[in-house]
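Visitor: I am new to this one. Please show me around.

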Amino acid sequence: MSRKLRLLSYAVNGRGMGHLSRQLAILRWAQRICEVMGVGLERWVLTSSEADTLARREGVAAIKIPSKSMLKDGGLEPSAALSVLRSWVLSAVGSLRPDVLVVDTFPGGSFGEIGPVLEMVRWRALVARPVRPEVQRDPAWYGPLPLYHRVIVPEEPFGEAPGAGQAGAGGAGLGARLLHDPANRTGPILLREREELLPRARARAALGVPEGARAVWLSLGGGGDPGVESGLRALLPVLALRGLHAVVGAGPLYTGEELRGPGVTWMDRYVPVELFQGLDLAVSAGGYNSFHELMYAGVPTIFLAQPKLADDQRARAARAAAAGAGRVAGSLAEAGRWLDDPGDPAAARALVAENHARHAAARILSLALPADEVQQALRLFPPELLGVFAARGIGSGAGLEFVRAISGEARSGEARGGAQVAQVARLLAAAPGLPVEIRAELIGGLRKRFPAAAPGEFTGAALELLATWEPYDDWMGALSLLRAVPVQRMYRIQDFARDLQAFLAAQPDTREDLYEALRLLAAREGGGRMTVAEALRTPGVLV
């Protein structure tokens, strides 16, 4: 990798998870895009979230600073503590000197500390999660907006779009226009693609939901708000009376008693969204993550909106109600009355139809890298690729190996075009009888042994070989046979495919066992006295 890039995400906005999850979602896709492009990406996140170990789970280096809530809980004097935090932020950015800085929600920082550090970074992007109109009108919010090279709005803004009378309304008008400008919109940014969600049966098994039971997700936010425990205590008996199995997401900040018992699954995971397709309905707060993840997974939800300083949860929940995807409850008692009619799953999926994390990552990377190359890399790594690997519990690293195998030694800007996108699709669909993880290993193994093969030649030969191996129903034998082939630079992959097909066709007794073919090949090579090509071309059958 000849090019390197350092990206720092600023996720300082209280102790919850929304800002951190959004930034990690972007960083996940930035890593994938850079891997395909052959660009070395160094990822950092600066956060005040008390769920910062989520960054470790996603493989991102995190710099943790205390949230303002933690400072208050610790009895620290606010002005002195904030002075320390500002110096930490300045020191972190000054030490890292990132090529790109991505700030979440607050252009000037959560406590007004970002201004002095913006000029230290060449490229600056703002992920402007919409805030209440009264916050937009605050100069502390809109003042730093002109210092950003790119603004990304991951949700429909709250309030009305600016009219003609507002167009020239100074800085406040600029903030409203930026949030409502379609050119800045990407749509919701989520940590997982739909293809990465577990199928319903597997999700229900992981959640411990009994067969035939209706499962309800119960979450009142990140767990740090007062009254969460009392709310859970009030709702759980109501759910039990209705015969519902409660899956409780108390949140990483929950400090109350764990209310485990019959008919209750208590979730300790930070990111349960992978399991949401195992749910039938939800009773939930209306935060950014909860709302979009539940709708994305098609879970009709009864929303108990919580009051927040900048976030209008009630306005967000009203969108779900208007779409028929959920209900807005004003109290716990009202939430209980909607349990039999929470909304339509199809309407929920339609409301949040797509995860735009990859688009946000591409727009941010395009500040520092050629935009056309970024878009090409994004097309080479479609979400469907994640789906075929995630379905078998395989990480996205296998998908990256898959793309790199098809691309070969051609780096960004070299021999990459629409044809390779089609090649990815063709190889994904090839040999459906082969498990996807075996298919990935075979394709990756082929590339390692034929590194100089052009992408088109590689794809054609790989398709032939997959079709050759598929009828044998001996996948491990196929892998062993391939691993026995040394790295070949003079042996063309097309010739290898032809020779192997002929060799196997001449061994009628190996139809069920490729290890027998491997044994004959090894015997013919005779400890290196014959090349693989010569051994494959030597006449004779297995005896």
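Visitor: Which residues in helix 11 meet helix 12?
Guide: This is a predicted model, where local features need pLDDT of at least 70, side-chain atom pairs count only at pLDDT 80 or more, and totals for chains, interfaces and linings use all residues. Residues are numbered from 1 along each chain as its sequence is written, and side-chain values use heavy atoms, without hydrogens and water. Helices (H or I, at least four residues) are DSSP runs, as are strands (E, at least two), numbered from the N terminus. Contact means heavy atoms within 4.5 Å; on the helix 12 side it involves Arg316, Ala317 and Ala320, and on the helix 11 side Tyr288, Phe291, His292 and Met295.

Visitor: Are helix 11 and helix 12 roughly parallel or roughly antiparallel?
Guide: Their axes, lines fitted to C-alpha atoms over the stretch in contact, give angles from 0 to 180 degrees between N-to-C directions. These axes come within 10 Å and cross at roughly 15°. Angles under 35 degrees count as roughly parallel, over 145 as roughly antiparallel. The two helices are therefore roughly parallel.

Visitor: Which helix gives the most to the largest nonpolar core?
Guide: A nonpolar core joins buried (under 20% relative accessible area, 1.4 Å probe, protein chains only) Ala, Val, Leu, Ile, Met, Phe, Trp, Tyr and Cys residues through side-chain atoms within 4.5 Å. The largest has 45 residues. Strand 1 (3-11) and helix 16 (371-380) are among the elements supplying at least two each. With 11 residues, the top contributor is helix 1.

Visitor: How many residues does the second, separate core have?
Guide: This core includes Ala478, Leu479, Tyr491 and Leu514. Its residue count is 39.

Conventions. Buried means under 20% relative accessible area, exposed over 50%, partly exposed in between (1.4 Å probe, protein chains only). Angles under 35 degrees count as roughly parallel, over 145 as roughly antiparallel, 65 to 115 as roughly perpendicular and the rest as oblique.
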